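Hi there,

I'm passing a structure over to you today, with a few notes to help you find your way around. Have a look at it first, then read on.

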Amino acid sequence: MSHVCHILASYFTDPITSVMRLFSGVVLFFLCLSTYANGKYSVHIDLVNVTKDQVRVEIQTPTVNKEEIEYHMAKIVPGTYSISDFGRFVSDFKALDNEGKILEVERLSTNKWKIKSAAALHKITYLVDDTFDQFDGYGGNIVFEPGGTNIEVENQVFVLNTFGFIGYLEGLKFHPYELNITHKEGLYGATALERIASSPTSDTFSADDFNFLADGPLMYCAPDTAIQQIANANIIVSVYSPNKKISAYDVMSNITDLMEAQSNYLGGKLPVDRYAYLIYLLENNSLSGSMGALEHSYSSLYTLPEARADRLAQTVRDVAAHEFFHIVTPLNIHSKEIGFFDYIDPKMSKHLWLYEGVTEYSAMHVQAKYGLYDTEEFLSKIKEKLLIRDRFPTDVSFTEMSERILEPEYEEMYANVYYKGALIGLCLDLHLLKYSNGAYDLQKLMRDLSEKYGKNTSFEDDQLFEDIVSLTNPEIGKFLSTYVSGTQPLPIVECLSWVGIDYKPSAEVETITLGAIELDVNIDQELYVKKVVEKDPFSVDMNYHDGDVIISLNGQGISLMSATEILEDFINNTNEGEKVKMVVRREVKGKSKKIKLKGKARVITGIEAHQLDMKSNPTEEQKKIRKSWLTTH
C-alpha cells in the first residue's frame with residue numbers, strides 16, 4: 001500500500017494527466033487489494049462441534065482461473081521420510097461456489113481431488129479423522145505420532161499438525177494462509193505460528209504459504225505453558241500431561257541450561273527469534289509403539305510416555321537437544337529437495353547424514369563440551385551408537401541410501417541416520433580438528449554453511465561436498481567421498497586415537513543378568529519372553545516360561561515406552577544378591593493369570609563390544625585436539 005501512495009503523490013503535476021493518473025492509481029490500488037483478498041486461503045477448523053472424532057475443515061480458496069484444478073493433501077512431509085497419505089483421513093469432501101452450489105469433484109487418488117468448474121470455486125469443506133486412533137478405513141501404515149494428528153474431545157486436547165488437516169490447490173501452494181480456529185473456552189493453542197487475533201474461544205494465525213503453514217504445528221489443551229528468554233529468542237514450553245505428572249515449568253527448568261549451552265555452541269546467538277516445545281505425554285502405549293519428536297523450523301512436537309519429571313528428565317533433554325538443533329539444518333542449510341519440497345511426489349536429498357546425523361552428534365557433543373554430562377557419559381553415548389550401527393548393513397553408501405530412502409530396500413535402514421549418521425558427524429568433527437590443528441571444527445563449518453546459504457537459499461545436492469571443501473581443505477573432501485558417498489567403514493579407531501581414546505572391538509565384562517531369555521514385542525505392543533534360550537541359574541530361579549508377558553519389574557510397571565529405561569536401570573543399579581520381583585501374565589490351561597516370579601540378582605561374565613577408554617597420559621598433540629573438542633577454552 002505504501003508504494004502505491006508514493007506513486008499517487010508524484011502524479012500531482014499536470015492537472016489533466018494527474019486526474020487520469022490518479023484514477024489509474026486508485027484502480028491499481030483497489031486491484032491490489034482485490035488480488036490480495038482473493039489470493040489467500042482462509043481456513044476455519046472447528047474444535048467445538050466434533051462428532052465421532054472428526055473435525056470439520058472449511059477453506060475459502062484463492063481465485064482460480066481455469067476450469068479444473070486439483071486439491072492435494074500431503075503424501076509425505078519433511079522430516080518423516082515415510083509415506084503418511086493424509087488424504088486417507090479425509091471424508092465428505094465438497095467443493096462449492098459463492099452461492100453454496102456444490103461443484104463436481106472426482107477423487108483421483110488417496111491424496112488428490114479434481115474439482116470441475118473450478119473458476120467458480122469459492123469454498124472447500126471436508127471432515128478429518130485423527131491419526132492417533134484407528135478407525136474404519138484407516139488403512140495403510142501407522143503414522144508416527146509426532147507427525148500426526150489427535151482429536152480427544154473427552155479430554156479436550158487436540159494435536160494439530162497442520163498438514164494433517166489442510167492441503168493446497170495445485171499450482172497455488174505459495175499463496176498466504178489465514179488459519180482460524182474455534183475452540184471451547186479454557187483451552188490455549190500453543191504454537192510458533194504468528195497469532196494475529198485472539199479471543200477466549202477463537203484464534204487467528206497467519207502463514208506466508210503452505211510450506212510455512214505445514215511447518216507450524218499447534219497443540220490445544222488446558223493451558224500449561226512456560227516462557228523464557230534464551231539468548232535472542234523467546235522459548236515457550238507447552239505440556240499436556242493427563243495425570244499431571246510433569247508440568248511445563250518442570251520441562252523448562254530441565255532444559256534451560258541445555259538451551260543456554262546450545263546458544264553458546266551456535267556462537268552466542270540463535271538463528272530464530274522464537275521457538276516452541278509442544279509436548280504431549282501418553283498415558284498408554286501409542287498406536288505406533290514409538291516415542292520421539294518431529295522437528296520444525298521454529299518448534300518441535302513430542303509424544304513421550306507420561307512419567308515423573310525425574311524419570312523423564314534425560315529423555316526430554318536428549319530429544320530436545322536433537323530437535324532444537326534443527327534450527328540450523330534444515331532451516332538454514334538445506335538442498336532444493338527440501339527448500340522446494342514436493343508433498344505429493346517428493347525427491348529425497350542425499351544428505352540425511354547432515355540433516356539428522358550431524359544434528360544427533362551435535363546434541364550429544366554440546367552436552368559433553370559444556371559439562372552437562374561427564375566424559376564417561378559421552379563415551380557411553382558413542383558406544384551406544386556403535387552397538388546399534390552394527391545391526392545395519394555396512395557396505396551401503398550413505399548418500400545413496402538417503403536419496404533412495406523411500407524405496408523398501410533402503411527404508412528399513414532409515415534409523416541408522418541416528419547411529420552411523422551421528423558417527424559420521426563425530427568423525428567429520430575430528431577430521432576438521434586434526435587437519436586444522438585444533439582451530440576449525442564442525443560447529444564453525446555449520447556456521448559458515450549457514451552464512452553461505454541461509455534460510456532462503458537452497459544448495460544443489462551434488463554441490464555440497466565441493467562447497468564444504470572450499471571452506472575447509474582437500475582432506476575433508478577425501479573423507480566425504482570415501483566414507484559418506486563411498487562404502488568404506490568409518491575410520492573410528494583412527495579418529496578416536498587423535499584425541500587419546502583407546503578403542504577395543506570387544507572385552508570381558510561383568511554385568512547383572514536378566515537371564516538367558518529372548519525378549520520381543522507382541523501384537524498388543526507388550527514386552528514378552530519370546531524364548532527361554534537356556535536354563536541358566538537366574539532363569540531357573542525365576543521360572544520363566546516362553547510367552548510370559550512382563551507386567552512389572554521390582555514394582556515398576558512395564559510398557560513398551562518405559563521398558564528400555566526400566567531394564568537399563570535394573571542392569572546398571574542392581575547389586576548381586578538383591579531380591580528381584582517380576583509379575584508376568586501367563587496362559588495356564590487356557591486361562592490368563594498373573595504370576596509372581598522371584599529370584600536373587602546374579603552377575604555373569606560376558607563379552608561386550610566396543611570398549612572406549614580415555615587415555616590418562618595423552619600426547620601433546622592429542623591433548624591439544626582433545627581440548628578443542630571437549631572444552632570451551
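Below is what turned up, starting with the aromatic rings and ending with a charged patch on the surface.

One thing to keep in mind as you read: this is a predicted model.

Aromatic rings

Searching the whole structure gives 32 aromatic pairs. One of them joins Phe 341 and Tyr 343 in an edge-to-face arrangement, with 5.1 Å from centre to centre and 75° between the planes. Both of these residues, Phe 341 and Tyr 343, are buried. They also belong to a cluster linked by ring pairs, whose other members are Tyr 41, Tyr 168, Tyr 177 and Phe 210.

Another pair to look at is Phe 479 with Tyr 483, which is tilted: the centres are 5.4 Å apart and the planes make an angle of 45°. Helix α14, covering residues 474-484, holds both Phe 479 and Tyr 483, and they sit 4 residues apart, about one turn of the helix. Phe 479 and Tyr 483 are each buried.

The positive patch

On the surface, Lys 579, Lys 581, Lys 596, Lys 598 and Lys 600 form a positive patch. The elements giving two or more residues to this patch are β27 (579-588) and β28 (591-600). Which strand gives the most? That is β28, with 3 residues.

Lys 581 is a nice one to click on in strand β27. Its relative accessible area is 49%, so Lys 581 counts as partly exposed, since that class ends at 50%.

Enjoy exploring!

Best wishes

Notes: Residues numbered from 1 in each chain as written. Predicted model: local features only at pLDDT ≥ 70, side-chain atom pairs only at ≥ 80, totals over all residues. Heavy atoms only, no water. Patch = residues over 30% accessible without salt bridge, like charges linked within 9 Å, V, L, I, M, F, W, Y side chains within 5 Å. Areas by Shrake-Rupley, 256 points an atom, 1.4 Å probe, with all protein chains shown as cover. Salt bridge = Lys/Arg side-chain N within 4 Å of Asp/Glu carboxyl O. Lys, Arg positive; Asp, Glu negative; His and termini not counted. Charge placed at Lys NZ, Arg CZ, Asp CG, Glu CD. Buried < 20%, exposed > 50% of the residue type's maximum accessible area, 1.4 Å probe, protein only. Phe/Tyr/Trp six-rings, centres within 6.5 Å; stacked < 30°, edge-to-face > 60°.
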